[in-house]
Amino acid sequence: MKTKSLINSVLGVGAFLLVGTFAPTTFAQSGTQDQATPPPAASQQAPSAHEPGEGHFARLNLSEDQKAQIKKIHETAKAKADAVMANTSLSDADKQAKVKHIHHVAMRQTHRVLTPEQREQLKANRSERRAEHSQSQS
């Protein structure tokens with residue numbers, strides 16, 4: 001049971017870090033594109049958070065500086081989590097607790113990079129994903 005829980009935690013953190021690692025390329029936009037004009041795909045139904053290229057920060061209109069800061073935070077967190085997982089002197093429970101703490105700290109740091117409006121949008125996106133998830137569970 002502990003192993004399954006640890007694996008789920010590691011996979012969750014890994015998915016979070018993976019999204020953070022590849023998210024900046026997802027957010028790359030043409031410098032000539034008008035921010036007020038949505039791209040042609042925006043008229044279609046928004047993809048779920050589990051589809052490739054769609055991450056937690058995809059609809060936040062992050063600046064290049066924010067993207068770079070978030071990427072750095074996620075790379076640092078991934079390196080720390082990898083080091084924890086490679087530490088053979090820690091028990092599975094200790095590893096899980098340390099990785100969870102690393103994830104929590106990375107999320108706090110990431111939130112500090114966002115503007116208040118982006119934080120609100122992120123919160124709305126999270127609520128939307130939870131609603132979709134609960135509907136698919138029914």
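## Close-up views of a predicted model

**View A. Lysine 71, at 33% relative accessibility, counts as partly exposed.** Buried stands for under 20% relative accessible area, exposed for over 50%, and partly exposed for values in between (1.4 Å probe, protein chains only). The model is predicted: local features need pLDDT of at least 70 and side-chain atom pairs pLDDT 80 or more, while totals for chains, interfaces and linings use all residues. Residues are numbered from 1 along each chain as its sequence is written, and side-chain values use heavy atoms, leaving out hydrogens and water. Lysine 71 forms a salt bridge with glutamate 75, their closest N and O atoms being 4.0 Å apart. A salt bridge requires a side-chain nitrogen of Lys or Arg within 4 Å of a carboxyl oxygen of Asp or Glu. The two residues sit 4 apart in helix α2, so about one helical turn separates them. Glutamate 75 is also partly exposed, at 36% relative accessibility.

**View B. Glutamate 64 and lysine 67 form another salt bridge in helix α2.** Their closest N and O atoms are 3.0 Å apart. The residues are 3 apart in sequence, about one turn of the helix. Glutamate 64 counts as exposed, at 55% relative accessibility. Lysine 67 is buried, with a relative accessible area of 5%. An α-helix has 3.6 residues a turn, so residues three or four places apart point the same way.

**View C. A salt bridge between arginine 59 and glutamate 128 links distant parts of the chain.** The closest N and O atoms of this pair are 3.5 Å apart. Arginine 59 lies in the loop between α1 and α2 (64–86), and glutamate 128 in helix α4 (residues 116–137). In sequence, 69 residues separate them. Arginine 59 is partly exposed at 32% relative accessibility. Glutamate 128 is partly exposed at 34%. The structure holds 4 salt bridges.

**View D. Asparagine 61 has a positive phi, near 50 degrees, in a residue other than glycine.** The residue lies in the loop between α1 and α2. Asparagine 61 is exposed, with a relative accessible area of 52%. Most residues other than glycine have a negative phi.

**View E. Helix α3 (residues 92–113) places its buried residues along one face.** Helices are DSSP runs (H or I, at least four residues), strands likewise (E, at least two), both numbered from the N terminus. Helix α3 has 22 residues and reaches 32 Å from its first C-alpha to its last, close to the 32 Å expected. That expected span is 1.5 Å times one less than the number of residues. Lys95, Val99, Ile102, Ala106, Met107, Thr110 and Val113 are buried in α3. Down the helix axis, these residues fall within an arc of 135 degrees, so they line one face. The arc is taken from the directions between the helix axis and the C-beta atoms. The face turned away carries the exposed residues Lys100 and Arg112.

**View F. Threonine 110 is buried in helix α3.** Its relative accessible area is 0%. Threonine 110 touches Phe57, Ile70, Ile73 and His74, residues up to four places away in sequence not being counted. A contact means heavy atoms within 4.5 Å.

**View G. The largest nonpolar core has 15 residues.** Such a core is a set of buried Ala, Val, Leu, Ile, Met, Phe, Trp, Tyr and Cys residues joined through side-chain atoms within 4.5 Å. Phe57, Leu60, Leu62, Ile70, Val84, Leu114 and Leu122 have the most contacts inside it. Helices α2 and α3 each supply at least two core residues. The largest share, 5 residues, comes from α2. Leucine 122 touches His56, Phe57, Leu60, His111 and Leu114, again leaving out residues up to four places away in sequence.

**View H. Confidence differs between the elements of the chain, lowest in helix α1 and highest in α3.** pLDDT is the predictor's confidence in each residue, from 0 to 100. The chain averages 75, and 61% of the residues score at least 70. Helix α1 (residues 2–26) has a mean of 54, and α3 a mean of 96. Over residues 22–54, pLDDT stays under 50. The model has 20 contacts beyond four places in sequence for that stretch. Where pLDDT is low, the predicted coordinates should not be read in detail.
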